[in-house]
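Hello,

Here is the structure I promised to pass on to you. Please have a look at it first, and then read on for what turned up.

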Amino acid sequence: EPSSSHGNSDEEEAKAPAFSWRKLWEFTGPGFLMSVAFLDPGNLEGDLQAGAIAGYSLLWLLMWSTVMGLLIQLLSLRLGVATGRHLAELCREEYPYWAGLLLWLMAELALIGADIQEVIGSAIAINILSHGVFPLWAGVLITAADW
C-alpha cells in the first residue's frame, strides 16, 4: 500500500521504545547514589547545628547556593558537551601557568574544607562509640588510615 498522504510512515516506523524500569534505573542509579552521599552523619550534624543556631535565617542562603551550584554544573556540562574536554583541561590551556596553579590551590582548599567535617565527625563517633578509649586525635588518625 502506498504511504499515507500525510507522509508520516517513516515516523510510525521510528516509534519511541517502550518504557523500561531497567533503563530508567541505569540513568537514575548513579544520581540517586550521589544524592544519598550528601546525607552523611557529618553533613547532617552540621546542618542541625546551623539550624539550631541560626534558625530560618539561612534558608535563603541554602536556596541561592543550591541554585548557583546547579548553574555551575549546567555550565560545566555544556562546556564539556561543546568542547569534548573537561573544565580542568580548558583552564590549563586558556590561563597562564600561575593562574592554573592558583585554581589548583583553591580547588584543594575547597576539598579540604568539604572533607574536614567528615574526618572530625568520624573522630567524634569513634570517641563516643569507644566510650572515650580512643581520644579525638586517635580517631582522626584511624579515619585517615581508613581513608
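To begin with a small puzzle: which backbone oxygen lies 2.9 Å from a polar atom of the side chain of serine 130? Before the reply, please keep in mind that this is a predicted model. The oxygen belongs to isoleucine 126. Serine 130 itself sits in the loop between α6 and α7, and with a relative accessible area of 15% this serine falls under the 20% cut-off, so it counts as buried.

On one side of that loop is α6, covering residues 97-129. Glutamine 117 is part of α6, and its relative accessible area of 32% makes this residue partly exposed. In sequence, glutamine 117 is 72 residues away from glutamate 45, yet their C-alpha atoms are 9.5 Å apart in space.

The other helix bordering the loop, α7, spans residues 136-146. Ala138, Gly139 and Thr143 are buried in α7. These three cover an arc of only 140 degrees around the axis, so they lie on the same side of α7. On the other side of α7 you will find Trp137, Leu141, Ala144 and Ala145, which are exposed. As a reminder, an α-helix has 3.6 residues a turn, so residues three or four places apart point the same way. Part of the cover over the buried residues of α7 comes from α6.

Now to α4, which runs over residues 59-83. At 1.5 Å a residue, its 25 residues should span 36 Å, and the C-alpha atoms at its ends are indeed 36 Å apart, so the two values agree. Glycine 84 follows α4 and has a positive phi, near 80 degrees.

Next comes leucine 87, which belongs to helix α5 (residues 87-94). A relative accessibility of 46% puts leucine 87 in the partly exposed class. Apart from neighbours within four places in sequence, leucine 87 is in contact with Ser76 and Leu79. Leucine 75 is 12 residues from leucine 87 along the chain, and their C-alpha atoms are separated by 9.9 Å.

Lastly, the aromatic rings. How many aromatic pairs does a search of the whole structure find? There is 1. The pair is formed by phenylalanine 19 and tryptophan 21, whose ring centres are 5.1 Å apart; their planes meet at 85 degrees, so the arrangement is edge-to-face. Phenylalanine 19 and tryptophan 21 are both exposed.

Happy browsing, and all the best!

Methods:
Residues are numbered from 1 along each chain as its sequence is written. This is a predicted model: local features need pLDDT of at least 70, side-chain atom pairs count only at pLDDT 80 or more; totals for chains, interfaces and linings use all residues. Side-chain values use heavy atoms; hydrogens and water are left out. Helices (H or I, at least four residues) and strands (E, at least two) are DSSP runs, numbered from the N terminus. Buried means under 20% relative accessible area, exposed over 50%, partly exposed in between (1.4 Å probe, protein chains only). Contact means heavy atoms within 4.5 Å. A polar contact is a pair of N or O atoms within 3.5 Å; within protein, one must be able to donate a hydrogen and the other to accept it, and residues adjacent in sequence count only if both atoms are side-chain atoms. Rings of Phe, Tyr and Trp (its six-membered ring) pair if their centres lie within 6.5 Å; planes under 30 degrees apart count as stacked, over 60 as edge-to-face and the rest as tilted. The expected span of a helix is 1.5 Å times one less than its number of residues. The arc is that of the directions from the helix axis to the C-beta atoms.
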